[in-house]
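Please open the structure in a viewer and keep a selection tool at hand. The stops below proceed from one molecular surface to the next.

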There are 2 protein chains.
Amino acid sequence: MTTSLEIATQVLRDGLMRGQFDANGKLREQSLAQELGISRTVVRLALGEVEREGLVVREPNKGFRVRSFTIEEVRDAILVRGQLEGMAARLCAENGLPDATISKCRALLLQLETLLSGGLDRTEERIAWIDLNATFHDVLIEASGNRFLAPTISSLSKIPLVSSRAIVFDARDHELTLERLTAAQTDHRNIFDAICQRQGGRAEYLMQEHARKSAQNKRLGFDAMRRDQQSPALPGLALVSNSA
Amino acid sequence: MTTSLEIATQVLRDGLMRGQFDANGKLREQSLAQELGISRTVVRLALGEVEREGLVVREPNKGFRVRSFTIEEVRDAILVRGQLEGMAARLCAENGLPDATISKCRALLLQLETLLSGGLDRTEERIAWIDLNATFHDVLIEASGNRFLAPTISSLSKIPLVSSRAIVFDARDHELTLERLTAAQTDHRNIFDAICQRQGGRAEYLMQEHARKSAQNKRLGFDAMRRDQQSPALPGLALVSNSA
DNA sequence: AGTCCCATTATTGCATGCAATCCTTCCTCT
DNA sequence: AGAGGAAGGATTGCATGCAATAATGGGACT
C-alpha cells in the first residue's frame, strides 16, 4: 500500500462499498483527482481497477458510472460464493485436513461460540466475531488445496454484501440477530464435523445451505430497510465492517 | 473495440494467451508502447487490465512480469469452472428450461453430432465444433438464471487452456481426439437429458465430470508435449482457437 | 579473483497539456 | 410552443515530460 495508485484504488473501493457515491451517478475524473489530491492519470488507473471488480461501469468516451446492485444480484453472487465454498468444503473432506488445520478450526469454533454466548453486545465483540467467522471460511478455502478457489471467491467478495464479512446486525431486533448467528454457528460445527468424517457431499451441501441462509438474511434485512426508510437500490448496505 | 486502450488490451491478452512472451519475463512499458505504436500511458492501463485477469503480475516499482501457469493450476481452474457450470446445469434442471432454449440445445447437439460423425478432418470443421460446443455451454450458463455465473466463469476462462473453447486437437493421434470428443458429446447428451428430466443433482454431477475429463485431457496433452519437445511451463499451449 | 560500493543508465510512477468527443444551453425556424 | 441545430463549455482519451526508484556496470579494496 505504498503507491498512490494502490491508495486511490482502496479509497474508491471503500467509498463504493459503503455507498458514499450516489447510485448510478457519474464519476468525474477531475473532481475525484482533486478530492484525493492526485492526478487524473492515477484516478483513471484506479477506476480501471474497480471497474474490473464490478463496482463501476465504463461507457466509452463517457467515463465511469457507479454500479448499483439489486438484492437479486446480491443473492445470485452469494449463491455462487456458496457453490464455491461448498466445493472447498468437499475437497477438504475428500483430501482430509492436516492436524494443524484441524486444531486451528477447533480453536476458531470455540472462540466463536464463546463470543456468541457472551451476547455480542459490544461492537468490538461483533467485529471480533466477524473476523473469526471470516477466518474460519478462509481456512477451509485455503485447506481445499485448489489454488483458484481463493482468488475466485475473493473476487466475488468485492461486491457489496457478498463477502462472508458482510454480516447484517439488526439494531432493532438483537435477539433475531443472535438467533441467526447461532444457526450459523451450528452450520459451522456441522460442516467441520462432516469434513472430519470425510463426508464430502454432506460438507458441500451444508456449506451451500449456509450461504443460502446468508442470502435470505440479507434479503430480509433489505426488506426491513426499505420498509423503514425508503432507501434506494443498494450500492452498499454495509451495516458492519466491510473492509477486506 | 474503438479506443486504443481496448485494442492494446486485446493485443496483450492474445499475445499472453498464445505464449508469445517468454514465461516470467519482464514486460517493459516503453518497448510495448513502441511495438503497439501508442503511448506508455495506454500500455500501463492495458497492463492493469491483464493484471486483473491474472495474466501478468505487478511488482511495485518494478513493473510487470508475464505470469506462467503450471498444469496443476490449469487443472484447478478447470475444476472450478466445472463446479460453476455444474451449478448452472443444476439450476437449469431445477427451474426448467423454456421451450426456446430446449429447441436451441437440441439444434446445437444435432449439429455437434453431425460434425463429429463427419470426422472433423478440416480445420474449419474443428473450429465450427469448438464454436458450437462453447455455445452449448454458454446457453446453459445463461439459462441458469443466475446473473453471476457467466461473469465468474468468463473471468476464469481468461486463463490459458481453461476456457471451454480451449480444446486440444492432438495432431499425432486424431483417433484419440475423436474418441475424446465423442465422449464429450455423450456427456452433452446426458447433461441435457438430466436437465430435461429435472434431475438437478445428476446434471450437476455430469457437468463436473465433463470438466474433470477436460482437465485430464489437457494434462495428457501437456505430458505428450513435454516428452516431445521439451517445452517450458505453459503460458499458452493454446493449440486451437483461443479467442473469446 | 571475489566482493562491496558508488555512479550511471534504464525504467517506473506520476503530473500536466492538448486534441477529440460529449453534453448543455440557447437560438432559430417551423 | 416545440423541435432541431449550432456554439460553447465540460469531460474524456491520449501523449509527453519530469522526478523517483530500481537495475547495471565499473572500479577499488580485500
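**First stop: DNA strand D**

Select DNA strand D together with its surroundings, which comprise 18 residues; Gly63(A), Thr3(B), Ser4(B), Ser39(B) and Thr41(B) are the closest. Colouring by element then shows which parts supply two or more residues to this surface: α2 (29-36) from chain A, and α1 (4-17) and α3 (40-52) from chain B. The greatest contribution near DNA strand D is that of α3(B), with 3 residues. Please bear in mind that the model is predicted.

What is the chemical character of the residues near DNA strand D, by nonpolar, polar and charged class? A count by class gives 9 polar, 5 charged and 4 nonpolar residues.

**Second stop: DNA strand C**

Move next to DNA strand C and select the 17 residues around it. Those that come nearest are Thr3(A), Ser4(A) and Ser39(A) from chain A, along with Glu29(B) and Gly63(B) from chain B.

Among the elements to highlight here, α1 (4-17) and α3 of chain A and α2 (29-36) of chain B each provide at least two residues of the surface near DNA strand C. Which element gives the most to this surface? That element is α3(A), with 3 residues. By class, the surface near DNA strand C holds 4 charged, 4 nonpolar and 9 polar residues.

**Third stop: the symmetry axis**

Hide the DNA and superpose chain A on chain B. The operation required is a rotation of 180° with 0.0 Å of shift along the axis, and the RMSD is 0.1 Å. The two copies are therefore related as by a two-fold rotation axis. To locate this axis from chain A, centre the view on Leu45(A): its C-alpha is the nearest to the axis in that chain, at 3.1 Å.

**Fourth stop: the contact between the chains**

Now select the contact between the two protein chains, to which chain A brings 23 residues and chain B brings 23 residues. On the side of chain A that touches chain B, highlight α3 (40-52), α4 (71-95) and α7 (149-156), each of which supplies at least two residues. Of the elements on this side, α4(A) gives the most, with 8 residues. Coloured by class, the side of chain A that touches chain B shows 10 nonpolar, 8 polar and 5 charged residues.

Why may the copies be said to meet through the same surface? The reason is that 100% of the interface residues of chain A are also interface residues in chain B.

Technical notes:
Residues numbered from 1 in each chain as written. Chains lettered and ligands numbered in written order. Predicted model: local features only at pLDDT ≥ 70, side-chain atom pairs only at ≥ 80, totals over all residues. Near = placed C-beta within 6 Å. Helix = DSSP H or I, 4+ residues; strand = E, 2+ residues; numbered from the N terminus. Nonpolar A, V, L, I, M, F, W, Y, C, P; charged D, E, K, R; others polar. Least-squares fit on C-alpha atoms with pLDDT ≥ 70 in both. Contact = placed C-beta atoms within 7 Å.
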